[in-house]
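Me: I am new to this structure and would like to know how its labels are earned. Could you walk me through the reasoning?

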Amino acid sequence: MQNQYLPVGYGFKFDSFQGSLDEHTAIIEWYILNDKILEFIVTKQGEVTIWQSQPEDREALRNWVNQYFQNYYGQKDQWLNNLAKALKELALILHIDEILTQIPKHCDKLILIPHTALHLFPLHAIPINQNSENSCCLLDLFAGGVSYAPSCQLLQQVQQRKRPDFQSLFAIQNPTGDLNYTDLEVQVIQTYFNTANVLKKSAATLTAINNSDLNTYHCTHFSCHGYFNLTNPGKSALILANAPIADTPTKLDSERYLNLRVGETHDLEKCLTLDKIFALKLEKCRLVTLSACETGLIDFQNTSDEYIGLPSGFLLAGSPSVVSSLWKVDDLSTSFLMIKFYENLFKLGRLEAGDVAIALKEAQNWLRN
C-alpha cells in the first residue's frame with residue numbers, strides 16, 4: 001500500500017539511507033509518545049542509538065510547549081524577553097548534553113529531524129553545557145552547520161537532487177511596499193547572480209509569478225510578508241501585490257480572506273498559498289529563501305504527517321533546500337542576515353550539499369556578535 005499510494009515514501013530502505021550518509025554527518029531524530037520522548041542518533045556506521053526520557057520529561061515538554069504558545073500568541077513582549085530562559089529549560093527537558101555524548105567526535109555536521117511541535121522551535125540555538133564556563137549553543141559545536149529535515153525519507157530524496165548551478169535568481173521584492181529594508185536586501189542579493197528576474201513592489205503579483213518560468217532559475221528569494229494558518233495550513237501564504245482589498249466583506253470567508261493587521265484584509269486568491277506552491281515546478285532550483293514572517297511554521301497537530309507548511313511545499317515542488325523563519329521577524333535584522341547569508345554562499349564557490357547550512361550558520365554568528 002505504501003509503494004502504491006504514498007510516492008513520497010516509495011521504496012524507502014533505512015539501511016541504504018544510513019549507508020549513503022556522509023561520514024561526518026550525524027542525525028538526531030525525535031519521536032514524541034504520550035508518556036515519553038524518544039531520540040534516535042544516526043550516523044553512517046554502527047547501530048542507531050536510542051535514548052528514552054522519563055515520563056516527567058514528557059510532561060515537562062507538554063507544559064513548556066503550552067507556555068511558549070501562550071507567550072507567543074498572547075504576550076509577544078514576554079515571549080521575546082523569556083526566549084533565552086525558555087531555551088535553557090528546553091535543553092534540560094531534551095537532555096541535549098547527554099544526547100551529544102553519543103555523537104562521534106569526528107561528526108561536524110548535524111541534521112535535526114524534529115517531531116510534532118519541536119518543528120517550531122530553534123533547536124540549533126539551545127544552550128549546551130549551561131553549568132560550565134564553556135557554555136555555548138548547539139550551533140557552535142558543528143563547523144559544518146546545523147540543518148533540519150522533515151524525515152529520513154525526504155532527506156534522502158532532497159540529497160539526491162544534484163543542482164550544481166547557482167547563477168540565476170528569481171526574487172519577489174516588497175510587494176506590499178511597506179517593508180523599509182527589503183528593497184536594499186534584494187538589490188544587494190541580486191548583484192551576486194549573473195542573471196536576475198526581480199518582481200518589485202506592485203509588479204510582484206500572482207499573475208506575474210505564474211507568467212514567469214520558475215523552472216529555469218537556480219535560486220528563488222521571497223522578501224515579503226508571510227502568514228501561517230494554524231487551522232488550515234493549505235491557506236498559509238506569501239502575501240503579494242494586489243492582494244489587499246479596499247472593501248472588507250461583511251461576512252469574511254476565512255478560506256479566502258485574511259486579516260493580517262487591523263484595517264487590512266487580503267484576498268488569498270491573489271497570494272501564493274501553500275496549495276499553489278505544491279503545484280510549482282522547481283526542477284533546477286538549488287535554494288528557496290523565504291525572507292518573511294512565520295514561513296517555517298508547520299501543522300504540528302497533524303500526527304499522521306505533521307510536516308505541512310510552506311517549506312514542505314517548496315521541497316515537494318523540487319527545491320532541495322529551504323531557508324525559513326519560525327516567528328514574526330524584524331525587517332532590519334532580517335535584511336542584514338539575508339545579505340550576509342548570500343555573501344557567504346558565494347564565498348564558498350561551487351555549492352555542495354551542506355553549504356547552505358554553513359553559510360547560514362556563519363551569517364547568524366556574524367549578526368549575533
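Me: Why is cysteine 152 not counted in a disulfide with cysteine 107?

Reply: This is a predicted model, and in it the sulfur of cysteine 152 lies 14 Å from that of cysteine 107, the closest cysteine sulfur. A disulfide needs the two sulfur atoms within 2.5 Å, so 14 Å is too far for a bond.

Me: What makes cysteine 152 buried?

Reply: Its relative accessible area is 7%. Buried means under 20%, so cysteine 152 earns the word.

Me: And how do you know whether cysteine 271 is in a disulfide?

Reply: The nearest cysteine sulfur belongs to cysteine 224 and is 9.2 Å away. Set against the limit of 2.5 Å, that leaves cysteine 271 in no disulfide. Cysteine 271 is also buried, because its relative accessible area is 0%. By this rule, the disulfide count comes to zero.

Me: Is histidine 221 buried or exposed, and how do you know?

Reply: Buried: the relative accessible area of histidine 221 is 1%, and the cut-off is under 20%. Histidine 221 sits in strand 10, residues 219-223. Beyond its neighbours within four places in sequence, its contacts include Phe170, Glu185, Met338 and Tyr342.

Me: What makes the link between histidine 221 and tyrosine 342 a polar contact?

Reply: The two side chains are joined at 2.9 Å, and the limit for such a pair of N or O atoms is within 3.5 Å. The link therefore qualifies as a polar contact.

Me: Why are strand 3 and strand 7 said to stand at the edges of their sheet?

Reply: The sheet is open, with five strands in the order 3-2-1-4-7 and mixed pairing. Strand 3 (49-52) and strand 7 (146-148) each have a single partner strand, so one side of each has no neighbour in the sheet. On average, neighbouring strands here are turned by 20 degrees against each other, direction ignored.

Me: How do you know that strand 2 and strand 3 pair?

Reply: Pairing takes at least two bridges, and strand 2 and strand 3 have four, in the antiparallel sense. Isoleucine 41, for instance, has threonine 49 in strand 3 as its bridge partner.

Me: Which residues touch the most other members of the largest nonpolar core?

Reply: Leu90, Ile103, Leu110 and Phe121 do, in a core of 56 residues. Helix 4 gives the largest share, seven residues. Leaving aside neighbours within four places in sequence, leucine 90 is in contact with Leu61, Trp64, Phe121, Leu123 and Ile126. Apart from this core lies another, of 25 residues, including Leu199 and Leu290.

Key
Residues are numbered from 1 along each chain as its sequence is written. This is a predicted model: local features need pLDDT of at least 70, side-chain atom pairs count only at pLDDT 80 or more; totals for chains, interfaces and linings use all residues. Side-chain values use heavy atoms; hydrogens and water are left out. A nonpolar core is a set of buried Ala, Val, Leu, Ile, Met, Phe, Trp, Tyr and Cys residues joined through side-chain atoms within 4.5 Å. Buried means under 20% relative accessible area, exposed over 50%, partly exposed in between (1.4 Å probe, protein chains only). Helices (H or I, at least four residues) and strands (E, at least two) are DSSP runs, numbered from the N terminus. Contact means heavy atoms within 4.5 Å. A polar contact is a pair of N or O atoms within 3.5 Å; within protein, one must be able to donate a hydrogen and the other to accept it, and residues adjacent in sequence count only if both atoms are side-chain atoms. Axes are lines fitted to C-alpha atoms, for helices over the stretch in contact, and angles run from 0 to 180 degrees between N-to-C directions.
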